[in-house]
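Subject: Structure handover

Hello,

Here is the structure I said I would pass on. My notes follow below it.

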Amino acid sequence: MSERRLFLDKGVGEQRGVVTLDGRPERLLILRDDEAQDLRIGARHRARVRKVEPQLGSAFLELAGGAEAMLDFKPDARPVQGSAIEVEIRAEPRRGKLALARAIGPAEGAPQLLAPPPGLKAQLSAFAPGVSVTEGEAARQVADEAEAEALDIVHPLPGGGRLSIEPTRALTAVDIDLGDRQGQETKRVARQANLAALGAAARLLRLKGLGGIVVFDLVGRGHDGNALTEAARAAFRPDNPGVAIGPISRFGTLELLIPRRTRPIAEILLGPDGRPSARTLAQRLIRMAEREAAADPGGRLKLVCAPPIAESAAPLVEALKARIGHRLELVPDSTLKDHELRVSRA
């Protein structure tokens, strides 16, 4: 029987929640202090129907503060343009896409946030009711490991071989590679690799916050469609409702549709260039400083980084000073590359 555990890392400027499945990270939730929370899952709004697109079965909603969301509707539940409606966010916005809302009922008045989303601890508990949430240094270590794995592209498979997960604008491609297992009993090994890949990919896609159309490039030929479909149903059951599994094509691919709910982790941690953003690197610098400060409570620390990182880290350093005392000095160094972060005793 699978075991899930919950971890909450409360850092300066950022909280990170992790759900582990049998000791491996399955979900990573990141909440930064200066980011608006009104478009996170569970936030409730009184919205105005700005525009209705009957042919698409969608409506554009105006939320408080000028934010927007989309609402899908059935033909018999078409909203009236200009009317007020109460909605709940069911899918967070991602790059180039609006948040998705579900209708609760009619409302009166101007757009307004009616209820904030659940806190991170409550969100974690929803994935494993009754399980206690671990905090402190253990949670930080688990969150660091989850963050690193969420950003990896190539992942090892149990029993050998590897799995590559690469999202595009249209879909997410999952490639299964036998690696050095090639040359063994090919059909049996290929079957084992495909079954193992479905379970591993389900966990990793949840960890990465990826959904939409997912295409598996299976290894081998003559696939057992029934066995693979049942394995996919079991692996992706936690993503229901809304999972759809297609038949195996003559090209040896298996397509799934997984509901998109959270913002992809890569969009939170990486910039448009695919590298860790200045904010992400600033958070790493602050965590390094926290560890050094805990190891030497009375010492003075110097935090050295490239100027763009220092600019992002400045308010975090002030917050850390308030927490541990004025023992920190932030030093921008134009000779350093963005990823070069240094914390030393002054």
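Helix 3 and helix 4 are roughly parallel to each other, because their axes cross at roughly 25° and angles under 35 degrees count as roughly parallel. Please keep in mind that this is a predicted model. Two packed helices are described by the angle between their axes and the distance between the axes. Here the axes of helix 3 (residues 186–208) and helix 4 (residues 225–235) come within 9 Å, and helix 3 passes helix 4 in a right-handed crossing. On the helix 3 side the contact is made by Arg 191, Asn 194, Leu 195, Leu 198, Gly 199, Ala 202 and Arg 206. Helix 4 contributes Ala 227, Leu 228, Ala 231, Ala 232 and Ala 235.

Arg 206 belongs to helix 3. Is this arginine, Arg 206, buried or exposed? Its relative accessible area is 8%, and buried means under 20%, so Arg 206 counts as buried. A polar atom of the Arg 206 side chain lies 3.3 Å from the backbone oxygen of Ala 235. Leaving out residues up to four places away in sequence, Arg 206 touches Glu 26, Arg 27, Ala 235, Phe 236, Pro 238 and Asp 239.

Pro 264 sits in the loop between strand 16 (253–258) and helix 5 (265–269). This proline, Pro 264, is also buried, at a relative accessible area of 10%. With residues up to four places away in sequence not counted, Pro 264 touches Arg 94, Lys 208, Gly 209 and Leu 210. From Pro 264 to Phe 73 the C-alpha to C-alpha distance is 25 Å, and the two are 191 residues apart in sequence.

Strand 16 is part of an open sheet of six strands, in the order 11-12-13-14-16-15 and with mixed pairing. Strand 11 (154–156) and strand 15 (244–245) are its edge strands, each pairing on one side only. Two bridges pair strand 15 with strand 16 in the antiparallel sense. Ala 244 stands opposite Leu 257 of strand 16.

Another open sheet has three strands in the order 18-17-19, again with mixed pairing. Strand 18 (328–332) and strand 19 (342–345) each have a single partner strand, so one side of each is left without a neighbour in the sheet. On average, neighbouring strands of this sheet are turned by 25° against each other, direction ignored. Helix 6 (residues 278–295) packs on the sheet and touches strand 17, strand 18 and strand 19. The direction of helix 6 makes about 160° with that of strand 17. Helix 7 (residues 307–324) lies across strand 17 and strand 18, and runs at about 175° to strand 18. Strand 17 (residues 301–305) and strand 19 run antiparallel and are joined by four bridges. Val 304 stands opposite Arg 342 in strand 19.

The last residue in these notes is His 45, which is found in strand 4 (residues 44–53). His 45 is buried, with a relative accessible area of 1%. Which backbone oxygen lies 2.6 Å from a polar atom of the His 45 side chain? The oxygen is that of Asp 38. Asp 38 is also among the residues that His 45 touches when those up to four places away in sequence are not counted. The others are Leu 63, Ile 85, Glu 86, Val 87, Ile 89, Gln 112, Leu 113 and Leu 114.

Regards

How values were computed:
Residues are numbered from 1 along each chain as its sequence is written. This is a predicted model: local features need pLDDT of at least 70, side-chain atom pairs count only at pLDDT 80 or more; totals for chains, interfaces and linings use all residues. Side-chain values use heavy atoms; hydrogens and water are left out. Two strands pair if DSSP finds at least two bridges between them. Axes are lines fitted to C-alpha atoms, for helices over the stretch in contact, and angles run from 0 to 180 degrees between N-to-C directions. Contact means heavy atoms within 4.5 Å. Buried means under 20% relative accessible area, exposed over 50%, partly exposed in between (1.4 Å probe, protein chains only). A polar contact is a pair of N or O atoms within 3.5 Å; within protein, one must be able to donate a hydrogen and the other to accept it, and residues adjacent in sequence count only if both atoms are side-chain atoms. A crossing is left-handed if the near helix is turned anticlockwise from the far one by less than a right angle, and right-handed if clockwise.
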